[in-house]
Amino acid sequence: MAFLAQTSSFCRYKLVDEVSREFWQEFPEKLLEHKFREIDNTNEERSFGWVNIDNMLDVNWEQSPPYKGEFAAFALRLDTRRISPAVFKKHFRLAWNDLLQKKQEQGKKNISKQEKNDLKESVKNKLMGYTLPVPAVFDVVWNRESNCIYFGSTRQKVKEIFEELFYNSFGLHLNNLTPYYLAGHMLGEKYRDALDNYEPCVFV
Amino acid sequence: MSETVHNIEEKNAYLGQDFLTWLWFCSESNNGQIKDRHGQEYLLYLEQKVTVQGGEGESKDTNVSNGQLSELKEARMGLRSGKKVNQAKVKIEQDSEAWEMQLKAENFDFTGLKTPKVEMKVEEGEDPDSRFLEKMFLIEKSLEVIDDLYLYFLQKRLGPEWNQELSDMKKWIQSGE
């Protein structure tokens, strides 16, 4: 669990929507509905979903429940297949040569743009089947009292995947607590205009 | 909050940089002594590394200082030329406990947040989640300190006291070596 490491990196969110009392009863089921699905035996490029924060292989929360004190703690697992550009280049050239030879046998000289794109796609799919997906796990810690959520990544693309999956799973919107939104949460409606019209300080 | 994405990014940068620059001033002018919402006292100071940035687009210019507070000369010189803090390592101390974190002005993401040490060994019969709960308590404690200071800054910045604070900050920036 990354939050237990000596140092941790994360961003903060706050729920925009209210959470009903019934929500927490349905929560484990909602997690399961969007649990991570393995793609080891496929040639899919990417898969993501929720896993147990204590064990990324536990997608059914058999080892421990997702509740820890006042927190709900789970993790986003994101598996991605990556093909080295050098490997792709080599196999694309091989496939290109094969196709060119077939074309010449048919009395044709050129490969069309569409055929080139199809060839790229087919080489990519073939190589995906040979490549194992690389797993990555990002902790999610939800303080159920403050409805503040800590997400264990600061990478924009990963944050976007998390925000979308969170909404699809729980039907709740999140605000990333950047300076503007944090100020809005702290100060409330009274200061909305002041924040919307905020001008930078001039210190010199 | 009805701003466009571009406007929000701009506001984030303005608010975050103004806050971190003020935090440096606040820490130095109080010898690092601060209080949280419960009246608890802490020591807070900026450490290596502090990055100041000015300008926009291609004219964007950055100075980085690696060193203790008194040695952050490059960054201090940057402030005098109109740059602002856009990233800082913040260290918080209370009694024998210490926290440190790298804070980015543009989004308030926390990197490398280090809390006081938590004993990882679970004794027999102990709650297996006790280490996690202790660690989260310590993480949230440091976030509370930063949040309290941010709220204090916002209230000053948007209130009638700001002109005096700004004047003091200008003096501090000009007096830095």
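Leaving aside its neighbours within four places in sequence, with which residues is A:Phe203 in contact? In this predicted model, the partners of A:Phe203 outside that window are B:Thr21, B:Leu79, B:Met169, B:Lys170 and B:Ile173. The residue itself is found in the segment that comes after α6 of chain A, and A:Phe203 counts as partly exposed because 19 C-beta neighbours lie inside 10 Å, where 20 or more would be needed for a buried residue. A:Ile161 is 42 residues away from A:Phe203 in sequence, and the two are 39 Å apart in space, C-alpha to C-alpha.

**Contacts between the chains**

Taken over the whole interface, 31 residues of chain A are in contact with 36 residues of chain B. On the side of chain A that touches chain B, the elements giving two or more residues are β1 (7-15), α5 (179-187) and α6 (192-196) of chain A, and of these α5(A) gives the most, with seven residues. Sorted by class, that side of chain A has 21 nonpolar, eight polar and two charged residues.

**Strand pairing**

The strand β1(A) takes part in pairing both within its own chain and across to chain B. With strand β6 of chain B, residues 110-114, β1(A) pairs in the antiparallel sense over three bridges, and there A:Phe10 stands opposite B:Phe110. Within chain A, β1(A) also pairs in the antiparallel sense with β6(A), residues 148-151, over four bridges, and the bridge partner of A:Tyr13 in β6(A) is A:Ile149. The strand β6(A) is in turn joined by four bridges to β5(A), residues 134-143, and these two strands run antiparallel; here A:Asn143 has A:Cys148 as its bridge partner. The strands β5(A) and β6(A) form a hairpin with four residues between them, and A:Asn147, in the turn, has a positive phi of about 55 degrees.

The three pairings are set side by side below.

| Strands | Sense | Bridges |
|---|---|---|
| β1(A) and β6(B) | antiparallel | three bridges |
| β1(A) and β6(A) | antiparallel | four bridges |
| β5(A) and β6(A) | antiparallel | four bridges |

**Domains of chain A**

Chain A is divided into domain 1, which covers 7-81 + 132-196, and domain 2, which covers 85-130. The centres of domain 1 and domain 2 of chain A, taken over C-alpha atoms, are separated by 41 Å.

**Chain B and its helix α2**

The secondary structure of chain B comes to four helices and six strands, and from the N terminus on its elements run in the order α-β-β-β-α-β-β-β-α-α. Of the 177 residues in chain B, 36% are buried. Among the contacts in chain B with a separation of 6 or more, 51% are accounted for by residues 24 or more positions apart.

Which residues are buried in helix α2 of chain B, residues 73-80? They are B:Ala75, B:Arg76, B:Gly78 and B:Leu79, and these lie on the same side of α2(B) because they cover an arc of only 155 degrees around the axis. An α-helix has 3.6 residues a turn, so residues three or four places apart point the same way. One of the buried residues, B:Leu79, is also among the contacts of A:Phe203 named at the start. The helix α2(B) is followed by B:Gly82, whose phi is positive, near 95 degrees.

How values were computed: Residues are numbered from 1 along each chain as its sequence is written. Chains are lettered from A and ligands numbered from 1 in the order in which they are written. This is a predicted model: local features need pLDDT of at least 70, side-chain atom pairs count only at pLDDT 80 or more; totals for chains, interfaces and linings use all residues. Two residues are in contact if their C-beta atoms, placed from the backbone, lie within 7 Å. Ala, Val, Leu, Ile, Met, Phe, Trp, Tyr, Cys and Pro count as nonpolar, Asp, Glu, Lys and Arg as charged, and the others, Gly among them, as polar. Two strands pair if DSSP finds at least two bridges between them. Domain bounds come from an automatic or database domain assignment. A residue is buried if 20 or more other C-beta atoms lie within 10 Å of its own, exposed if 12 or fewer, and partly exposed in between; C-beta atoms are placed from the backbone. The arc is that of the directions from the helix axis to the C-beta atoms.
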